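Trainee: I would like to go through one helix and one strand residue, and ask how each label is justified.
Mentor: Go ahead; the model comes up here.

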Amino acid sequence: MNATDNTSTLKDPVEEFLGYQLRRAAFATLTPLVESFARVGVNPTEAIVIRFVRANPGCTQADIGRAIGVKRTNMVPIVAGLMAKSLLERTAADGRSHSLYLTKEGGEMHGKITRIALEHEKFFFGDVPTIHGRF
């Protein structure tokens, strides 16, 4: 087959596997979210860090890394990038730790990413019934 052939007649040998379907669903829903975040200048990990700092002013990057499953060494460039964008600031907490806080711009970005996330959730999951505020 060449690139112009219609591949819709192919049988999908893994369509019956839930894990496969979940992965496809995740990809289908995350792609527009990633694109929307990119339009305001952040990626999903940066958006999560901003949300964590907003919810936990004064937390450390190690705290956030543990919460979201990112290694401490990988948190360094994420936090540095957010600081370079003037979205986060840090102050000395103790010896080697630094407390993280949103800047004014970071607070504004938090509002933007929250609106984007809520619109995304409503678009993809608005008709899914909730149980005690959760799916």
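**Helix α4 and Ala92**

Mentor: Met75, Ile78, Val79 and Leu82 are the buried residues of α4; buried means under 20% relative accessible area, exposed over 50%, and partly exposed in between (1.4 Å probe, protein chains only). This is a predicted model, in which local features need pLDDT of at least 70, side-chain atom pairs count only at pLDDT 80 or more, and totals for chains, interfaces and linings use all residues. Residues are numbered from 1 along each chain as its sequence is written, and side-chain values use heavy atoms, with hydrogens and water left out.

Trainee: How do you know that the buried residues of α4 line one face of the helix?
Mentor: Seen down the axis, they fall within an arc of 95 degrees, so they line one face. The arc is taken from the directions from the helix axis to the C-beta atoms. On the face turned away from that buried side are the exposed Thr73, Pro77 and Ala84.

Trainee: What covers the buried residues of α4?
Mentor: The cover includes α2 (44-55), α3 (61-68), β1 (88-94) and β2 (97-102).

Trainee: Why is Ala92 called exposed?
Mentor: Its relative accessible area is 71%, and the cut-off for exposed is over 50%, so Ala92 is exposed. Ala92 lies in strand β1; strands (E, at least two residues) and helices (H or I, at least four) are DSSP runs, numbered from the N terminus.

Trainee: What does Ala92 contact, leaving aside its neighbours within four places in sequence?
Mentor: Ser97 and His98, where contact means heavy atoms within 4.5 Å.
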